[in-house]
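Visitor: I would like to learn how to read a structure such as this one, feature by feature. Could you take me through it slowly?

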Amino acid sequence: MAVSNCEEITSEKQKSRLKPPPMYKVLLLNDDFTPMEFVVEVLQTFFFMSQEQATEIMFEVHTDGSGVCGIYPGDIAMTKVKQVVKFAREHQHPLRCVMEEEKI
């Protein structure tokens with residue numbers, strides 16, 4: 001029995017569907033030297049958070065050791081990490097920013 005053209009096209013469409021790209025959490029890590037105000041500034045500048053949101057995440061970083069700044073596709077997450085680290089070093093702060101794959 002022959003496969004119809006319609007079935008072949010449907011099969012090809014299913015094979016060619018792309019999976020969404022993996023997503024990555026961008027996290028700030030606590031340290032004993034970076035001022036809280038600087039962390040809030042970073043969150044507002046690079047992650048477009050309000051003063052209130054940024055303060056909440058800053059306290060999460062301070063009390064829990066890390067805080068999620070956002071979830072992005074890999075290339076955007078890597079860019080955010082590099083921007084934050086560069087900015088922190090330019091201001092002589094040891095703030096660490098990392099990314100980890102979001103588990104679905």
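**A guided reading**

Guide: Leaving out neighbours up to four places away in sequence, T34 is in contact with V39, H93, P94 and L95. Please keep in mind throughout that this is a predicted model.

Visitor: Where in the chain is the place of T34, and is T34 buried or exposed?

Guide: T34 sits in the loop between β1 and α2, and its relative accessible area of 11% makes it buried, because the cut-off for that word is under 20%. A polar atom of the T34 side chain lies 3.3 Å from the backbone nitrogen of L95.

Visitor: Stepping back, how many helices and strands are there in the chain, and what pattern does the chain follow along the sequence?

Guide: The chain has four helices and three strands, and reading along the sequence gives the order α-β-α-α-β-α-β. Of the contacts with a separation of 6 or more, 71% are between residues 24 or more positions apart.

Visitor: How should I read the interior, and which residues have the most contacts inside the largest nonpolar core?

Guide: The general idea is that in soluble globular proteins nonpolar side chains tend to be buried together. In this chain of 104 residues, 31% are buried, and the largest nonpolar core has 24 residues, with V26, L28, V42, L43, F47, V84 and L95 having the most contacts inside it. At least two residues of this core come from each of β1 (23–29), α2 (36–47), α3 (51–64), β2 (66–73) and α4 (74–90), and α2 gives the most, with seven residues.

Visitor: Taking V26 as an example, with which residues is V26 in contact, leaving aside its neighbours within four places in sequence?

Guide: The contacts of V26 include F47, then G67, V68, C69, G70 and Y72, then A77, K80 and V81, and also C97, V98 and M99.

Visitor: How do I read a helix such as α3, and which residues of α3 are buried?

Guide: A useful start is to compare length with expectation: the 14 residues of α3 should span 20 Å at 1.5 Å a residue, and its end C-alpha atoms are 20 Å apart, which agrees. Its buried residues are A54, I57, M58 and V61, and seen down the helix axis these buried residues fall within an arc of 105°, so they line one face of α3. That buried set packs against β1, α2 and β2, whereas E52, E56, T63 and D64 are exposed on the other side of the helix. After α3 comes G65, which has a positive phi near 95°.

Visitor: Which phi value does F48 have, given that it is not a glycine, and where is the place of F48?

Guide: The phi of F48 is positive, about 55°, and F48 is found in the loop between α2 and α3. With a relative accessible area of 66%, F48 is exposed, yet it touches L43, Q53 and K80, not counting residues up to four places away in sequence. F48 and C69 are 21 residues apart in sequence, and their C-alpha atoms are 9.7 Å apart in space. Q92, not a glycine either, has a positive phi of about 60°; Q92 is in the loop between α4 and β3 (96–101) and is exposed, with a relative accessible area of 74%.

Visitor: Finally, how should I read charged pairs, and how many salt bridges does a search of the whole structure find?

Guide: The general idea is that side chains of opposite charge can pair when their charged atoms come close. Here a search of the whole structure finds two salt bridges. In one of them the side chains of K25 and E100 meet at 3.3 Å, N to O, and this pair links distant parts of the chain, with K25 in strand β1 and E100 in strand β3, 75 residues apart. E100 is partly exposed, with a relative accessible area of 39%.

Visitor: Where do E90 and K86 lie, and is K86 buried or exposed?

Guide: Both E90 and K86 lie in helix α4, four residues apart, about one turn of the helix, and their side chains meet in a salt bridge of 3.0 Å, N to O. K86 counts as exposed, at 54% relative accessibility.

Terms used: Residues are numbered from 1 along each chain as its sequence is written. This is a predicted model: local features need pLDDT of at least 70, side-chain atom pairs count only at pLDDT 80 or more; totals for chains, interfaces and linings use all residues. Side-chain values use heavy atoms; hydrogens and water are left out. A nonpolar core is a set of buried Ala, Val, Leu, Ile, Met, Phe, Trp, Tyr and Cys residues joined through side-chain atoms within 4.5 Å. Buried means under 20% relative accessible area, exposed over 50%, partly exposed in between (1.4 Å probe, protein chains only). Contact means heavy atoms within 4.5 Å. A polar contact is a pair of N or O atoms within 3.5 Å; within protein, one must be able to donate a hydrogen and the other to accept it, and residues adjacent in sequence count only if both atoms are side-chain atoms. The expected span of a helix is 1.5 Å times one less than its number of residues. The arc is that of the directions from the helix axis to the C-beta atoms. A salt bridge is a side-chain nitrogen of Lys or Arg within 4 Å of a carboxyl oxygen of Asp or Glu.
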